[in-house]
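Student: Could we go through this model together and check the labels we attach to it? I would like to hear the reasoning behind each one.

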Amino acid sequence: MKKIIFIAIAFITVTAGFAQSAGKATTLLDEVSSKVESYDNIIIEFKYALENTAENVKHETRGDVSLQGEKYLLNIMGTTRLFDGNKLYTIIPEDEEINISKHDPSEEN
């Protein structure tokens, strides 16, 4: 009986700790989100890593994105994607190719 009570108290304590951590994380994310939304534009440099241990593949590439409202300019893996608010331009210099597509706000992609 004492073991069951101890386990129940331990479970409640751990659960309460996770709930407090989640609350702190949500608060932190809200602060970061409001700060980022206050900027007129933002430039983000990033590293993309793909690792498939089953196939022994590890690939890393760097990229950057410039954001201004809904508009963006993304450079990654030799491809440039530009969205001007109406059209999406995909530029692939290696293939000497440019694709232009209309923006469909109903699509989530």
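What follows is a conversation about the labels used for this predicted model.

Student: Why is Thr61 called buried?

Tutor: Its relative accessibility is 14%, and buried means under 20%, so Thr61 earns the label. Thr61 sits in strand β2, residues 57-68.

Student: Which residues does Thr61 touch, apart from those up to four places away in sequence?

Tutor: Phe46, Lys47, Tyr48, Ile76 and Met77. They count as touching Thr61 because contact means heavy atoms within 4.5 Å.

Student: Is Met77 buried or exposed?

Tutor: Met77 has 53% relative accessibility; exposed means over 50%, so Met77 is exposed. Met77 belongs to the loop between β3 and β4.

Student: What makes the phi of Met77 worth a remark?

Tutor: Met77 is not a glycine, yet its phi is positive, about 50 degrees. Most residues other than glycine have a negative phi. Asn56 also has a positive phi, near 55 degrees, and is a residue other than glycine. Asn56 is placed in the loop between β1 and β2. With a relative accessible area of 72%, set against the cut-off of over 50%, Asn56 is therefore exposed.

Student: Why is Lys71 called partly exposed?

Tutor: Its relative accessibility is 45%. Partly exposed lies between the 20% and 50% limits, so the term fits Lys71. Lys71 is part of strand β3, residues 71-76. Beyond its neighbours within four places in sequence, Lys71 is in contact with Ser66, Phe83, Asp84 and Gly85.

Student: And what makes Tyr39 partly exposed?

Tutor: The relative accessible area of Tyr39 is 42%, which falls between 20% and 50%, so the conclusion is partly exposed. Tyr39 lies in the loop that links α1 (2-37) and β1 (42-52). Together with Leu28, Val32 and Val36, Tyr39 makes a nonpolar surface patch of about 360 Å².

Student: Now the sheet. In what order do the six strands come?

Tutor: The order is β1-β2-β3-β4-β5-β6, in an open sheet with antiparallel pairing.

Student: Why are β1 and β6 said to stand at the edges?

Tutor: Each has a single partner strand, so one side of β1 and one side of β6 (97-102) is left without a neighbour in the sheet. From one strand to the next, the twist averages 15 degrees.

Student: How do you know that β3 and β4 pair?

Tutor: Pairing needs at least two bridges, and five bridges join β3 to β4 (residues 79-83), so the two strands are paired. Their sense is antiparallel, and Leu74 stands opposite Arg81 in β4.

Student: How many bridges join β5 to β6?

Tutor: Six, again against a minimum of two, so β5 and β6 count as paired. In β6, Asn99 is the bridge partner of Thr90. The two strands form a hairpin with four residues between them, and Glu96 in the turn has a positive phi of about 50 degrees.

Student: What about β4 and β5?

Tutor: They pair over four bridges in the antiparallel sense, with Thr80 opposite Ile91 in β5. Three residues lie between the strands of this hairpin, where Gly85 takes a positive phi near 100 degrees.

Student: What makes the side chains of β5 an alternating set?

Tutor: Leu88, Thr90 and Ile92 point to one face and are buried, whereas Lys87, Tyr89 and Ile91 point to the other face and are not. That fits the general rule, because in a regular strand the side chains alternate between the two faces of the sheet.

Definitions and conventions: Residues numbered from 1 in each chain as written. Predicted model: local features only at pLDDT ≥ 70, side-chain atom pairs only at ≥ 80, totals over all residues. Heavy atoms only, no water. Buried < 20%, exposed > 50% of the residue type's maximum accessible area, 1.4 Å probe, protein only. Patch = residues over 30% accessible without salt bridge, like charges linked within 9 Å, V, L, I, M, F, W, Y side chains within 5 Å. Areas by Shrake-Rupley, 256 points an atom, 1.4 Å probe, with all protein chains shown as cover. Salt bridge = Lys/Arg side-chain N within 4 Å of Asp/Glu carboxyl O. Axes fitted to C-alpha atoms, helices over the stretch in contact; angles between N-to-C directions.
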